[in-house]
Amino acid sequence: MTSISVNSSPERLKGHVGAGVARAIARFYPNYISETAVFADCVSRCLNEDSVVLDAGCGSGAFFTYSWKDRVRFLAGCDASSGVSRNVSLGAGAVANLTNLPFAGSSFDVIFSRYVLEHLDAPTIVFAEFARVLKPGGKLIVLTPSKYHYVSMLGRLSPHWIHELVGKVRGNRAHDIFPTRFRANSKADIASLAKRAGLVVSDYITMEARPNYLMWSLPSFLLGLLYERAVNRFDLVDGLRSSVIAVLERPGG
């Protein structure tokens with residue numbers, strides 16, 4: 001499994017974990033592999049020393065750091081925020097919206113994007129841009145929450161200030177909490193966007209993560225645990241799992 005650092009992990013939320021929750025985590029998740037670790041492994045397996053790579057929606061790197069730039073030919077990042085200049089995981093960064101990527105066509109062997117799709121206003125345009133800058137045979141790997149998960153459903157029904165409040169409680173700064181749209185966050189959504197952009201979905205993974213949003217008390221955490229065990233066991237309800245990892249490919253090459 002690829003070495004990564006996820007700075008928003010629950011273990012770092014000192015003072016925000018309910019009594020008994022830490023012991024429950026140790027008991028029920030002794031060898032836990034997060035959705036970000038699975039995503040990072042998917043990305044890592046697509047890289048080689050000749051890869052030209054783009055981190056789409058990279059931000060400042062505060063919540064996701066990796067050590068790939070030294071094992072590929074070039075690793076660039078792109079984000080609408082100026083924080084991209086502080087991202088130490090990149091070889092270079094560009095401040096730009098994903099709807100208008102400042103790169104020539106067929107530039108990248110691999111594009112990856114972690115927890116970005118849920119914030120897109122115009123995913124059709126963004127996927128078209130991904131397809132444009134991917135080389136034939138290039139891969140796009142995305143990690144995003146399922147819009148049918150209970151956290152996403154509540155998020156869609158609540159105002160943005162609630163998201164900022166929850167983010168503060170979980171240890172995230174308010175300006176790191178972006179409005180969510182959930183326009184590219186299901187198997188059907190991704191398949192449709194891929195088809196319109198001329199991409200092919202080669203792998204689609206769903207997994208229910210540890211109940212990180214329910215750690216304020218032991219009862220809430222245990223309810224989340226029961227949900228996690230149920231939806232991870234039965235593939236019939238895989239759309240209700242929290243996390244979606246999709247691998248898409250531009251045909252040819």
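**Close-up views of a predicted model**

**View A. The salt bridge between Arg-241 and Asp-235.** In this predicted model, Arg-241 and Asp-235 meet through their side chains in a salt bridge, with an N to O distance of 2.9 Å. The two partners differ in their surroundings, since Arg-241 is buried at a relative accessible area of 6%, whereas Asp-235 is exposed at 58%. This pair belongs to a structure that holds nine salt bridges.

**View B. The salt bridge between Asp-50 and Arg-73.** The side chains of Asp-50 and Arg-73 form a salt bridge of 3.4 Å, taken from N to O. The pair links distant parts of the chain, 23 residues apart, with Asp-50 in the loop between helix 2 (35–44) and strand 2 and Arg-73 in the loop between strand 3 (65–66) and strand 4. Asp-50 counts as partly exposed, with 44% relative accessibility, while Arg-73 is exposed, with a relative accessible area of 55%.

**View C. A network of salt bridges that links Asp-121, Arg-181 and Arg-183.** Within this network, the closest N and O atoms of Arg-183 and Asp-121 are 3.8 Å apart. Arg-183 sits in the loop between helix 5 (160–169) and helix 6, and Asp-121 in the loop between strand 6 and helix 3, so that the salt bridge links parts of the chain 62 residues apart. Both residues are partly exposed, Arg-183 with a relative accessible area of 45% and Asp-121 with 49% relative accessibility.

**View D. The largest nonpolar core and the contacts of Ile-111.** This core has 32 residues, of which Leu-54, Leu-98, Ile-111, Leu-140 and Leu-199 touch the most other members. Among the elements that give two or more residues to this core are strand 2 (52–56), strand 6 (108–114), strand 7 (134–145) and helix 6 (187–197), and helix 3 gives the most, with five residues. Beyond its neighbours within four places in sequence, Ile-111 is in contact with Leu-54, Ala-56, Phe-130, Val-133, Leu-134, Lys-139, Leu-140 and Ile-141. Another core, of 20 residues, lies apart from the largest one and includes Val-53, Cys-58, Leu-75 and Ile-245.

**View E. Cysteines without a disulfide.** The count of disulfides in the model is zero. The sulfur of Cys-46 has its closest cysteine sulfur in Cys-42, 7.3 Å away, which is too far for a bond because a disulfide requires the two sulfur atoms to lie within 2.5 Å. Cys-78 is likewise in no disulfide, the nearest cysteine sulfur being that of Cys-58 at 7.0 Å, and Cys-78 is buried, with a relative accessible area of 0%.

**View F. A nonpolar surface patch around Met-153.** Tyr-148, Met-153 and Leu-240 make up a nonpolar surface patch of about 260 Å². Met-153 has its place in helix 4 (residues 150–157) and is partly exposed, with a relative accessible area of 38%.

**View G. Ala-128 in helix 3, with the chain as a whole.** Ala-128 lies in helix 3 (residues 123–133) and counts as partly exposed at 37% relative accessibility. Its C-alpha atom is separated by 9.8 Å from that of Asn-100, although the two residues are 28 residues apart along the chain. The protein chain has seven helices and nine strands, and 47% of its 253 residues count as buried. Its accessible surface comes to about 12,400 Å², of which 56% belongs to carbon and sulfur atoms.

Key
Residues are numbered from 1 along each chain as its sequence is written. This is a predicted model: local features need pLDDT of at least 70, side-chain atom pairs count only at pLDDT 80 or more; totals for chains, interfaces and linings use all residues. Side-chain values use heavy atoms; hydrogens and water are left out. Patches are made of residues with over 30% relative accessible area and no salt bridge: like charges are joined within 9 Å, nonpolar side chains (Val, Leu, Ile, Met, Phe, Trp, Tyr) within 5 Å. Accessible areas come from the Shrake-Rupley method with a 1.4 Å probe; for residues, only the protein chains shown count as cover. A salt bridge is a side-chain nitrogen of Lys or Arg within 4 Å of a carboxyl oxygen of Asp or Glu. Helices (H or I, at least four residues) and strands (E, at least two) are DSSP runs, numbered from the N terminus. Buried means under 20% relative accessible area, exposed over 50%, partly exposed in between (1.4 Å probe, protein chains only). A nonpolar core is a set of buried Ala, Val, Leu, Ile, Met, Phe, Trp, Tyr and Cys residues joined through side-chain atoms within 4.5 Å. Contact means heavy atoms within 4.5 Å.
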